[in-house]
Protein chains: 2
Amino acid sequence: MPRVTEKYRKARRDEIALAAIRCLERKGVHDTSIADIVEESGLSTGAIYSHFSSKVELARYIVAEYLFPRLDQLERSAGMITPRDVLTTMLAVFTDTGLPPRIVLQFWGEATIGGELREEMLRTVARLRSALGAALMPWAELQTSDAAAAEALVADAIRAVVPLAQGYVANTALFGPRDPREYVDSVVAALT
Amino acid sequence: MPRVTEKYRKARRDEIALAAIRCLERKGVHDTSIADIVEESGLSTGAIYSHFSSKVELARYIVAEYLFPRLDQLERSAGMITPRDVLTTMLAVFTDTGLPPRIVLQFWGEATIGGELREEMLRTVARLRSALGAALMPWAELQTSDAAAAEALVADAIRAVVPLAQGYVANTALFGPRDPREYVDSVVAALT
DNA sequence: ACCTGAACACCGTTCAAGT
DNA sequence: ACCTGAACACCGTTCAAGT
């Protein structure tokens, strides 16, 4: 397969995906139809189906390619960082990139039904967890000299950080934007 | 209007709503059609539309009548309770009543689009916030003798407790059930 | 190989006609 | 007044036919 074709396919897929995202922001997951994406992209129904086998496949592509593209931001953060820092850094992705929490929340809703979208979501979360683990290890090793205990500490922290991030997403999606640092501080203040 | 008719209408609405909930648990919000509810309830399409003006109206009814019926549990809890206690009590509603977090999460997703479902959601959350406020006031008054400062303390606590509860819902909806107390403890441990 | 757009099965909703 | 179920506009998806 020549390289030009590959590039062309990727460009077309992105063209469709970006048109779809514009529709999603305007109308939401539920109310965006293939006909809307056809109109927004200027392509035909068949053209879209020759690049994505279904609406769910298009959704998977958007999730994988646009909704969680900044996990490397976590992986690059060096030095000793606490669970609090990790959480704040993670949430900053939303304010920094303009990634709409509304769309993420809607995808979660759809993912609870099962199917391929759920599989894609679980894969993404697995990647996220391992990035979190790597970022937290230096901190855990400072708490204890036992390697197994450090692993357990990291696992516990992840069990807290993931739902805390989910709470931020659900909350801002429904009630409007909020500063990540203020959110974390408010949670700490309330629980201690 | 005679009372018997009123009662009959309520009974029919509940009959339809419960059939719908059985479908929702089986297939999710997205994949449950009116035809499914027709089959599950044994009624006709027109019968459903003579009790609910649309699918969204049915959804609103389910949310208002079945998804948040236990707010009074909070309002009844007496004595000095901390934000931590309030959060744990609130989350216990899910484990105690078998209310499926998956359905709640899906409704949140739909509510981000706007429309009547969003209005209904905001009304329910407003009720929830005032119940939380009432439950937390004795605790706040123990922290400070200034009435305004106590109010502010309550407001801050609510700003933390609501997203923490949302995080629990999103997390259990996607990754399976979890003990509320364990969740709260894990968050406290990670952030302090 | 990519693209077109009519055709298909199914969706939510309406409404004339029944009781 | 409640209910029936055929009819309607629209949905996601397919596929013969074009380039």
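I began with one ion pair: B:Glu182 and A:Arg159 join their side chains in a salt bridge, 3.2 Å from N to O. My rule for this is a side-chain nitrogen of Lys or Arg within 4 Å of a carboxyl oxygen of Asp or Glu. Across the interface of chain A and chain B I found two salt bridges.

A caution for us both: this is a predicted model, where local features need pLDDT of at least 70 and side-chain atom pairs count only at pLDDT 80 or more, while totals for chains, interfaces and linings use all residues. Side-chain values use heavy atoms, with hydrogens and water left out.

Next I looked up the whole interface. Chain A gives 42 residues to the contact and chain B gives 42 residues, with contact meaning heavy atoms within 4.5 Å. The buried area is about 3500 Å², and carbon and sulfur atoms give 66% of that. Buried area here is the accessible area (1.4 Å probe) that two parts lose on being put together, summed over both.

Then I turned to DNA strand C. I found 15 residues around the strand, the closest being A:Arg12, A:Ser44, A:His51, B:Ile34 and B:Tyr49; near means that a heavy atom of the residue lies within 4 Å. Of the strand's atoms within 4 Å of the protein, 70% belong to sugar or phosphate and the rest to bases.

Finally, I noted some individual distances. A polar side-chain atom of A:Tyr8 is 2.9 Å from a phosphate oxygen of strand C. A backbone N or O atom of B:Ile34 is 2.7 Å from a phosphate oxygen, whereas for A:Gly46 a backbone N or O atom lies 3.4 Å from a base oxygen.

Notes. Residues are numbered from 1 along each chain as its sequence is written. Chains are lettered from A and ligands numbered from 1 in the order in which they are written. A polar contact is a pair of N or O atoms within 3.5 Å; within protein, one must be able to donate a hydrogen and the other to accept it, and residues adjacent in sequence count only if both atoms are side-chain atoms.
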